[in-house]
Amino acid sequence: MSLSQWFLFFIVVQIIHFLGTWKLYKETGHKTWEALIPVYNAIILMKIINRPTWWTVLLFVPVVNLIMFPVIWIETLRSFGKNTTLDTFLGIGTLGFYIYYLNYTQNLTYVSDRSLKPKNAIADTISSLLFAIVVATVVHTYVIQPYTIPSASLEKSLLIGDFLFVSKFNYGARTPMTAVAAPMVHDTLPIFKTKSYVSFPQLPYFRFPGFEKIKNNDIVVFNWPRDTLFNMYIKADKRYDKPIDKKTNYVKRCVGIPGDSLQIKEGIVFINGKELQLPERARPQYSYKVVYDGKTPIDFEYLLKEMNITDGVGFLNNEKRDTLIFRALPFDNAERLRKVPGITAVNRIINKGVEDGIFPDFQDGKPTSSNNWNCDNFGPIYIPQAGKTVALNKKTLPFYKIIISEYEKNDLKVIGDAILINGKTVTTYTFKQNYYWMMGDNRHNSLDARYFGYTPEDHIVGKPIFIWMSWDTNGKGFGKIRWERLFTTVNGEGQPQSYFKLFLGLLLLYFGIDFFIKKRKENK
């Protein structure tokens, strides 16, 4: 929905509210017109139901308001003596329109001094639970969100089983675009395996100001732009057009930012003509062919364990067993292998041929090979920047086709040699938002920008700030916990350092101070 459509919808809601509550406002000694003025009518309603004025803000917070509306309906009913279970059921079951019925058919008496304390343990539990859900939803949506690493695309930097906290405020918190959705879940309801949202209506994109911009080499969480699956873990049965904020969450390294020129040569990323210098803690991995003389005794099991390589290794020929293929080997491990007696060659595997499906060739579901590019030799390409203009012709259009038609919602047509946008023939295009180039460090095992293309700014979720838990499914007992990774930062220079001991110290200090304060109160 556009801003004008949402404004019209907002006005209609205000009129509906006025028609259903004006007599109630009047009964409490307020003026009839006070039920009509947007926002002000909500402030007055909070006074009528004896609830804090700041609750008004929650009525305008997407997703949170879905929890607050039923609460306000019930609080309104109880403020006029409607306290029965049937009243509660009718209030929620009719989506608040039960209040309409009472407004026009009943002579209601306002209970100004009603008790706000829950009447029983069940009511108290429900009240506490709703409050906890509201707070958690606000924190989850606008402050910080937990996230789990499901794949090996950033292996060595982030491991499968790492549990992250992702900051929403570093790059600016994005308000939800899907207005009707279950709180604190993504695209699928647990257990039920059904959609957790209703696609309509959609709120316009809005992002609060952040205190930093995305930089080259930042690890970023974003919505996968080309997600057309019901759920990334369920085999596709058809195309699903999902709202932006309900597309699958991905985490990659941002190697290209708006305005950059990017090229990949022999597997190495170049930005604006210079090799991209990765931070110390980043360990890009490539496929290698390792040749063994077959005579010198080598304990490969011990060697691989020492290098922390658990998978992605196999013999090229199981009969001869003289050549090993490593699917994800960092540079430093490759150097170690070169020094092992009996290993005669360690060669990085570089794709030389044409690779189908490489961006921008994969169009309309049909792979082509027009650019002769592959995952190791790619580009150069331009990373679009908001407000910048590029030339449009049949050669450049494939790079920007999805941006123009899908991400920026234009009507794009090609008739002969002419390119038409919104019915007008054009030779240039000016971008409406910024775009980013996201890649995995595991270069030969990552579904990233080389295949799905640019990531729009409105798809950015947040910045991972630290790992609070890391779980190794191959470990045993307490060995399943990667203790050295607990409470380590994700981005930054140098090697990761664990702040777990500091966290434990602060936690013990908190409980110690709390215990001391309680003891003093008891003694007094």
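**Exercise 1. How many bridges join strand 12 to strand 15, and which way do the two strands run?**

Before you start: this is a predicted model, where local features need pLDDT of at least 70, side-chain atom pairs count only at pLDDT 80 or more, and totals for chains, interfaces and linings use all residues. Residues are numbered from 1 along each chain as its sequence is written, and side-chain values use heavy atoms, with hydrogens and water left out.

*Solution.*
- Step 1: Find strand 12 at residues 285–292 and strand 15 at 343–348. Strands (E, at least two residues) and helices (H or I, at least four) are DSSP runs, numbered from the N terminus.
- Step 2: Count the bridges: 5 of them join these strands, which run antiparallel. Two strands pair if DSSP finds at least two bridges between them.
- Step 3: Pick out one partnership: Val 290 is bridged to Val 346 in strand 15.

**Exercise 2. Work out the strand order of the open sheet, then find what lies across it.**

*Solution.*
- Step 1: Read off the order of the 4 strands, 13-14-12-15, with antiparallel pairing.
- Step 2: Go to the edges: strand 13 (313–315) and strand 15 each pair on one side only.
- Step 3: Check the turn: neighbouring strands are at 20° to each other on average, direction ignored.
- Step 4: Add helix 9 (residues 331–338), which lies across strands 12, 14 and 15 and runs at about 145° to strand 14 (323–330). Contact here means heavy atoms within 4.5 Å. Axes are lines fitted to C-alpha atoms, for helices over the stretch in contact, and angles run from 0 to 180 degrees between N-to-C directions.

**Exercise 3. Describe the largest cavity: its volume, its lining and its main contributor.**

*Solution.*
- Step 1: Get the term straight: on a 1 Å grid over the protein atoms alone, a cavity is a set of points where a 1.4 Å probe fits but cannot get out, and lining residues have an atom within 4 Å of a point.
- Step 2: Note that there is 1 cavity of 30 Å³ or more, and that the largest cavity holds about 50 Å³. Grid points are joined across faces, edges and corners, and the volume is the space filled by probe spheres set on the points.
- Step 3: Look at the lining, which includes Phe 359, Phe 399 and Tyr 454. Helix 10 (residues 397–407) gives the most, with 5 residues.
- Step 4: Sort by class: 8 lining residues are nonpolar, 1 is polar and none is charged. Ala, Val, Leu, Ile, Met, Phe, Trp, Tyr, Cys and Pro count as nonpolar, Asp, Glu, Lys and Arg as charged, and the others, Gly among them, as polar.

Definitions and conventions. 1 Å grid on protein atoms, 1.4 Å probe; cavity = no way out; pocket = protein on both sides within 12 Å on 5 of 7 lines; lining within 4 Å.
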